[in-house]
Amino acid sequence: MLPILGRAPTSCVGDLSGPELAEAAHRVARRLPPGARVAISGSDETARLIAFLGADLAGCASLLVDPEWPDPAAVLDDARPDVHLDADAALGEDLGTEVPVGDESTRFYLPTTSGSTGRPKVLVRSRGSWLRSFTALGVPLDARDRVLIPGPLSSSLFLFGALHALHCGADLRLLGRWSARAAAEAAREATAVHLVPAQLSALLAVLEHDGGESALRLVICGGAKVDPALEERLAEAIPGCRLVEYYGSAEQSLIAVRHDERLMPVVDVEVTGGRLRVRSDLAFDGYLECGELVPADSDGTGDRAVQRPDGSLEILGRAGAVIDTGARLVAAEAVEAVLREVDGVRDVVVAATPHPRFGALVTAVVEGEAPVRALRAHARERLHPAERPRRWLPVDALPRTSSGKPARAVIDERLTSGGTL
């Protein structure tokens with residue numbers, strides 16, 4: 001049996017049957033020292049998934065290496081892995097490791113923060129925290145389902161989706177790298193997909209343009225809030241497809257899930273002074289710094305929020321995502337939400353361009369085909385004068401992290417240095 005899955009897999013991954021997947025994972029496990037930290041690299045996502053499952057069988061904690069990290073050497077220096085495993089290479093010597101090793105408290109995964117706002121941090125997570133998260137998500141899948149994972153497993157969002165699918169006995173389709181057109185093609189057979197809102201928008205754009213069929217009955221969306229306009233597009237493009245939206249973080253795992261109109265907490269939450277705090281048994285164990293565990297000592301999320309009388313949450317965005325311009329504070333994510341209402345906007349990041357007189361200019365970096373004149377008109381109608389962007393930068397594609405989130409740190413650095421977006 002595979003500890004994180006709780007049983008031997010019955011589902012298929014690509015061309016591998018469940019028994020073939022289990023045997024491949026056992027071959028990896030027998031070649032790893034029990035309880036080691038393992039850094040897994042390689043270009044084949046199925047092979048990387050097998051390596052991850054094998055490491056889990058051996059009670060190891062795995063770091064899935066992402067070549068797009070801004071500073072890979074620094075991440076590896078914090079993780080200090082005992083073993084570097086290239087999933088594309090031939091297996092080494094059989095050590096005869098007896099498996100499975102450990103229990104729910106065993107540390108099985110070394111996720112990293114997304115890197116959207118700076119250098120990724122290395123976290124430590126137990127098996128139990130994710131097994132409980134699978135239950136908290138509240139999404140039933142079974143052997144009739146085929147789950148599409150359209151991004152790299154080095155993103156915890158996509159790894160979570162893959163392991164949840166195997167845990168439920170569903171078949172799995174891994175793309176490895178995001179492509180809206182490849183995702184649309186895979187959606188002809190997939191019944192469920194895990195992605196972020198920007199990817200959902202791009203997937204729908206392909207379906208709307210091509211008029212293609214989709215077997216999707218379930219879209220599971222994390223990483224950012226789904227705008228009402230995007231939800232309406234989903235209902236029109238794929239009638240009857242259900243949307244499940246969740247809010248969480250690499251540190252806290254799931255915090256709240258929306259199955260209908262309300263984003264409901266799945267753990268204990270408290271909003272104090274507009275800041276969201278969380279008490280959860282789904283949370284991580286701490287950070288790794290130069291190989292040493294720094295225990296988690298904060299229940300803060302860094303997000304501003306409102307809790308309604310019915311217990312539901314409205315997430316207002318990062319407390320630090322505020323632009324000081326002309327002695328007025330502008331909430332960047334509130335401006336982004338308004339600009340996404342404009343036809344032709346696929347995604348937008350609102351950031352600060354340094355200015356000698358005003359401190360900073362509110363700058364909108366817009367991905368899509370929306371004309372600037374339409375954006376300006378909508379901003380005049382919906383935003384306070386201080387909130388209206390003074391710089392408009394249309395781009396073909398925003399810089400993104402491997403999970404599909406906008407790489408805000410990259411955008412901030414280029415605006416500050418005058419570099420090209």
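This is a short tour of a predicted model, stop by stop, with something to select at each one.

**Stop 1: helices H2 and H5**

Start by selecting residues 45–57, which form helix H2, and residues 156–168, which form helix H5. Their axes come within 12 Å and cross at roughly 70 degrees. H2 and H5 are therefore roughly perpendicular to each other. If you look at the handedness, H2 passes H5 in a right-handed crossing.

Which residues in H2 and H5 meet? Show side chains for Leu 49, Phe 52 and Leu 53 on H2, and for Leu 159, Leu 163 and Leu 166 on H5. The residues of this contact of H2 with H5 are six nonpolar ones, with no polar and no charged residues.

**Stop 2: helix H4 on H5**

Keep H5 on screen and add helix H4, residues 127–137. The H4 and H5 axes come within 11 Å and cross at roughly 80 degrees. That makes H4 roughly perpendicular to H5.

From H4, select Trp 130, Leu 131, Ser 133, Phe 134 and Leu 137. Facing them in H5 are Ser 156, Leu 159, Phe 160, Leu 163, His 164 and His 167. By class, the contact of H4 with H5 has seven nonpolar and four polar residues, and no charged ones. Two names may look familiar from the previous stop: Leu 159 and Leu 163 of H5 also meet H2.

**Stop 3: Ser 133**

Now centre the view on Ser 133, within helix H4. Is Ser 133 buried or exposed? Its relative accessibility is 0%, so Ser 133 counts as buried. Setting aside neighbours within four places in sequence, Ser 133 is in contact with Phe 160, Ser 253, Leu 254 and Leu 282. For a distance to try in the viewer, pick the C-alpha atoms of Ser 133 and Pro 152: these residues are 19 apart in sequence and 20 Å apart in space.

**Stop 4: Ser 253 and Ser 249**

Follow the contact from Ser 133 to Ser 253, which sits in strand E11, residues 253–258. Check the backbone here, with this background in mind: most residues other than glycine have a negative phi. Ser 253 is not a glycine, yet has a positive phi of about 60 degrees. With 9% relative accessibility, Ser 253 counts as buried.

Next select Ser 249, in strand E10, residues 242–249. Ser 249 is partly exposed, at 29% relative accessibility. Ser 249 and Ala 79 are 170 residues apart in sequence, and their C-alpha atoms are 19 Å apart.

**Stop 5: the loop between E3 and E4**

Move to the loop between strand E3 (83–86) and strand E4 (107–109), where you will find Pro 100. What is the peptide bond from Val 99 to Pro 100 like, cis or trans? That bond is cis, with omega near 0 degrees. For context, most peptide bonds are trans.

Glu 93 lies in the loop between E3 and E4 too. At 63% relative accessibility, Glu 93 counts as exposed. Add Leu 32 to the selection: Glu 93 and Leu 32 are 61 residues apart in sequence, but 9.0 Å apart from C-alpha to C-alpha.

**Stop 6: helices H7 and H8**

Select helix H7, residues 197–210, together with helix H8, residues 228–237. The two axes come within 10 Å and cross at roughly 35 degrees. H7 passes H8 in a left-handed crossing.

On the H7 side, show Pro 197, Leu 200, Ser 201, Leu 204, Ala 205 and Glu 208; on the H8 side, show Leu 230, Arg 233, Leu 234 and Ala 237. This contact of H7 with H8 divides into seven nonpolar, one polar and two charged residues.

**Stop 7: the cysteines**

Finish by selecting cysteines. How many disulfides does a search of the whole structure find? It finds zero. Take Cys 12 as an example: the closest cysteine sulfur, in Cys 168, is 16 Å from its own sulfur, too far for a bond. Cys 12 counts as partly exposed, at 29% relative accessibility, whereas Cys 60 is buried at 0%.

End on Cys 290, in the loop between strand E15 (286–289) and strand E16 (292–295). Cys 290 has a positive phi of about 50 degrees, although it is not a glycine. Its relative accessible area is 40%, so Cys 290 is partly exposed.

Key
Residues numbered from 1 in each chain as written. Heavy atoms only, no water. Axes fitted to C-alpha atoms, helices over the stretch in contact; angles between N-to-C directions. Helix = DSSP H or I, 4+ residues; strand = E, 2+ residues; numbered from the N terminus. Parallel < 35°, antiparallel > 145°, perpendicular 65-115°, else oblique. Left-handed = near helix turned anticlockwise from the far one by under 90°. Contact = heavy atoms within 4.5 Å. Nonpolar A, V, L, I, M, F, W, Y, C, P; charged D, E, K, R; others polar. Disulfide = S-S within 2.5 Å. Buried < 20%, exposed > 50% of the residue type's maximum accessible area, 1.4 Å probe, protein only.
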